[in-house]
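Reader: I should like to learn how helices and a nonpolar core are described in a protein model. Please show me the structure under discussion.

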Amino acid sequence: MQTNNRKENNVILITVDLEDWFQVENLRLAYPFCVWDACEIRIERNTRELLDIFDDRGVQATFFVLGWMAERCRGLVKEISERGHEIASHGYKHQLCSALSKEVLREDVCRSKALLEDIVGRPVFGYRAPSFSITEHLVEVLGDAGYFYDSSYNSFALNKRYGRANSLFHSCNSNLMISDNGIIELPVSNLEIGGQTIPWGGGGYFRFWPPRLYSWGVTKILHERKLYLFYCHPWEIDPEQPQARQLGWLGRFRHYVNLDKTLKRLEQFLERFHQNSFISCQNYLRCQDAIPTESFNQVAGFLTH
Ligand SMILES: [Zn+2]
């Protein structure tokens, strides 16, 4: 991977939720957990395409890896880590946190953390909830399980799957929040215009909006906050993936809009913003003075064992 020698003030955090096409919440009815083993795994080729464009552009990203997928693609997870990216957790079974009891949630986040650490031989610091379904229990469980940060808060209020957990945190600075039990929250970026929140963090919104308009919004966010946190998925660059039947028009639109254009758009996006620093969430947090040293030392101590 190229080293990013450009030292600008603005930081872009590229994050990838590492799950395959059939594991998306939107398709849960068509592909419940019990049929996952029968579905075609397409994640390896799609992820390697992402890794190649990240290499070309000097991007260090954070991959929030689903435990179920990591068990079946251990070599891919290892490769991502060896190519200089951060491995973080996306839980094990991709169930909404809001639908789980505290004990089941605890088992899910602990299982995925242990599994990923076993594969890459390094501590896992971060977690992202499926569909940004952050809850009070999640923050508590993450603290108990030894996570350092979370990136599950999305301030767009109109998506009912997204958790409303901002009251669980106090502001650390304009981009970070912290909970009483020391979990740092790195929220997904959105656009604020006239008191309204417009989803602008990536995923389907990145595929939907025209690229020039999208770039305008990102420029505005960077101007105001000096940080932009983006998310995407390997299946979003795969127009050849199997098509789910029995999906309503909205679900179909959400999942399939512009899949054939996304890889190109992503390359253009990285080129358009190449003067910014693309670093992992972990490395961004390490640079922030606002992080309480006792939290950091606690995790850093783990590194030395
Ligand atoms: Zn997900």
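Author: We may begin with one pair of helices, α1 and α9, whose crossing is right-handed; a crossing is right-handed if the near helix is turned clockwise from the far one by less than a right angle, and left-handed if anticlockwise. This is a predicted model, in which local features need pLDDT of at least 70, side-chain atom pairs count only at pLDDT 80 or more, and totals for chains, interfaces and linings use all residues. Residues are numbered from 1 along each chain as its sequence is written.

Reader: Are α1 and α9 roughly parallel or roughly perpendicular to each other?

Author: Helices here are DSSP runs (H or I, at least four residues), numbered from the N terminus. The axes of α1 (residues 43–57) and α9 come within 10 Å and cross at roughly 20 degrees, where axes are lines fitted to C-alpha atoms over the stretch in contact and angles run from 0 to 180 degrees between N-to-C directions. Angles under 35 degrees count as roughly parallel, over 145 as roughly antiparallel, 65 to 115 as roughly perpendicular and the rest as oblique. The two helices are therefore roughly parallel.

Reader: Which residues of α9 meet α1?

Author: Two residues are in contact if their C-beta atoms, placed from the backbone, lie within 7 Å. On the α1 side stand Glu-49, Ile-53 and Arg-57. Their partners in α9 are Leu-263, Leu-266, Glu-267 and Leu-270.

Reader: Does Leu-263 count as buried, exposed or partly exposed, and why?

Author: Leu-263 lies in helix α9 (residues 259–272). A residue is buried if 20 or more other C-beta atoms lie within 10 Å of its own, exposed if 12 or fewer, and partly exposed in between. Because Leu-263 has 17 C-beta neighbours inside 10 Å, its class is partly exposed.

Reader: How far apart in space are Leu-263 and Ile-237, C-alpha to C-alpha?

Author: Leaving aside neighbours within four places in sequence, Leu-263 is in contact with Glu-49 and Ile-237. Leu-263 and Ile-237 are 26 residues apart in sequence, yet their C-alpha to C-alpha distance is 5.2 Å.

Reader: Which strand gives the most to the largest nonpolar core?

Author: A nonpolar core is a set of buried Ala, Val, Leu, Ile, Met, Phe, Trp, Tyr and Cys residues joined through C-beta atoms within 7 Å. The largest has 76 residues, and Phe-63, Val-65, Ala-70, Val-77, Leu-142 and Tyr-149 touch the most other members. With six residues, the strand that gives the most to this core is β11 (residues 227–232).
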